[in-house]
Every structure is written in C-alpha cells, then in structure tokens.
Amino acid sequence: MTPPPGARLTAAGETVVVAGSAVDLARRAAAFLDARISMALIRNGQAVLALSGGSTPEMTYRCLAGYRPDAASLALLQVDERLVSAGDPRSNGAMIRRAWGGRVPLLPMIPAENPLPAPGRLAAAYAHTLDRVAPARCLGVPVVDLCILGLGEDGHTASLFPGSPALAERSRWVVPVAGPAAPAGGSPQVPRLTLTLPVLDAARCLVFLVQGGAKAGVVRQVLQGKDDLLPAARLVRRARRAVWFLDTAAAVGLSL
Ligand code: 6PG
C-alpha cells in the first residue's frame, strides 16, 4: 500500500499522518481516499466504501463531495447506524448525505420506513446488501476497499463498544447492538446496527480519522499499548492495513 504523503510509522509499523488542523486532516484524508478510490476503479471497475458516522468524518466527506464517479461504480455502505429515524439529527446516514451531498449513492442501514422494522431484520437485510454490492470475498467475508472509522475515547470503533458481545461475533456480518454503557465522548446512548469485526478485518484498507486532545490517550493505547481489550486495538492488531489521520492534539505523546 503506497502510504499517503507525510506518513510516518509507529514502532509497531502502523501508518500515521499527523495533520496540523481539522481542515488539514480532512484534506489529507480526502486526497488519500480519492487516490484509493481511483485505484479500486482502475483495478476492479468499482469501489466499495464503508463510512462511519460520528462528527470527525463530516469534514472529510465534504472534501469528497465533488467526487462524482458514475454511481454504478461507487458503492457507499455504512459502518454503523444509530437506530433512529432517517430525519433524526443523530442519524449517521443523515450526516453522510448532508456532508457528501444529496446525490451521494449511499446504501443506508436504516430505510425510510416508519415504523422501523425490528433490528434483527434490519441487520439481516443489510447483510444482503453487503453480499450484493461487495462481490470480493476473504475467507467467505465480503471485502470492502476502504473502511472509514472513528475512535471513541473508550476505544470503541464502529459501534463495537468495550465488553460488547458483538466483539465475539464471527459469522454474522451485521448485528444489532446496544449503545455505549456510559456516554462515550458524545457517542449517543442509543441502540445501533454495526458491521462486525470479520467484515472490518477483511477490508483492504482501514482509514481512521481521529482528532482532539481528548483522544490522545486512547490513540496511544491503541497504537502503542499492549492492551488488546479495546475494540479498536483488537481490529488494528489483526488487520495491519490501517492508515491513521490524526490532528496534532490527538497525536500528543505518540512515538513516531
Ligand atoms: C457512531 C460512530 C462512532 C464514532 C466514534 C468517534 O455511530 O457513534 O460510528 O463509532 O466513529 O464514536 O466519533 P467522533 O468522530 O464524533 O469523535
């Protein structure tokens, strides 16, 4: 994998880009994603992305809003979604559409139905969507080209929270989960759907977007610690195909 400009390696071999500001982080991440999407289109004729919600990725998605490959070649999936209506301000899908622009070919986890179907049915339906739009397989698991992830202060990523039974899931690709047990750095305490570790692990490239001093401690724990209990650490130890875009505040104390 060609590292992005300015990338440095941690002692454990993780690729890290330290940006000077939130805008610089978004621009650098968007440029990297643009290049990787183009590479996937050339190699495979399509690019399959899985997008996280939260707040950090919004600026990066805005930087990609001008990206307009024909919709047939770009599949935008969700990494996770809060079980709220599509119009709810906590909806990750609403944030992605707002940031990337109205014509974004997002395949939402939550349909615009009212009332919402049962979480188990929503999860099964999204697994079918994943099966349909991501034809490549790794050990029977759909392979997405790029998986954009955030990091919670408690070490969660996607909606895989510390201690969640979903962390042990090895056969289902999408599962319903409870929200964080305690307020986790602004991540709402609502039930969710999330891709599971096997799907995240199979991705060709994991792109973490993390900003703010409140995350510096957990970034060090995940990138330099020995603690494999944190969900993000478990994923990073296994995948070895991650690129981290941090702002200077989130990178404090990191040995590069
Ligand atoms: C969610 C997100 C979540 C997010 C982290 C970081 O639905 O809450 O997918 O996993 O990525 O909580 O969120 P911020 O980027 O807002 O700090």
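Mentor: A residue counts as near a molecule if one of its heavy atoms lies within 4 Å of it. This is a predicted model, where local features need pLDDT of at least 70, side-chain atom pairs count only at pLDDT 80 or more, and totals for chains, interfaces and linings use all residues. Residues are numbered from 1 along each chain as its sequence is written, and side-chain values use heavy atoms, with hydrogens and water left out.

Trainee: How many residues surround the ligand, and which are the closest?

Mentor: There are 14 around the ligand. S55, T56, D80, A158 and K215 are the closest.

Trainee: Which side chains have a polar atom by a ligand oxygen?

Mentor: A polar contact is a pair of N or O atoms within 3.5 Å. An N or O atom in the S55 side chain is 2.6 Å from a ligand oxygen. For S187, a polar side-chain atom lies 2.7 Å from a ligand oxygen. For N92, the distance is 2.9 Å.

Trainee: How do I read helix α1?

Mentor: Helices are DSSP runs (H or I, at least four residues), numbered from the N terminus. The expected span is 1.5 Å times one less than the number of residues. Helix α1 has 23 residues (22–44), so 33 Å is expected. Its end C-alpha atoms are 32 Å apart, which agrees. G45 follows α1 and has a positive phi, near 75°.

Trainee: Is E169 buried or exposed?

Mentor: Buried means under 20% relative accessible area, exposed over 50%, partly exposed in between (1.4 Å probe, protein chains only). E169 has 11%, so E169 is buried. A polar atom of the E169 side chain lies 2.7 Å from the backbone nitrogen of R172.

Definitions and conventions
Helices (H or I, at least four residues) and strands (E, at least two) are DSSP runs, numbered from the N terminus. A polar contact is a pair of N or O atoms within 3.5 Å; within protein, one must be able to donate a hydrogen and the other to accept it, and residues adjacent in sequence count only if both atoms are side-chain atoms.
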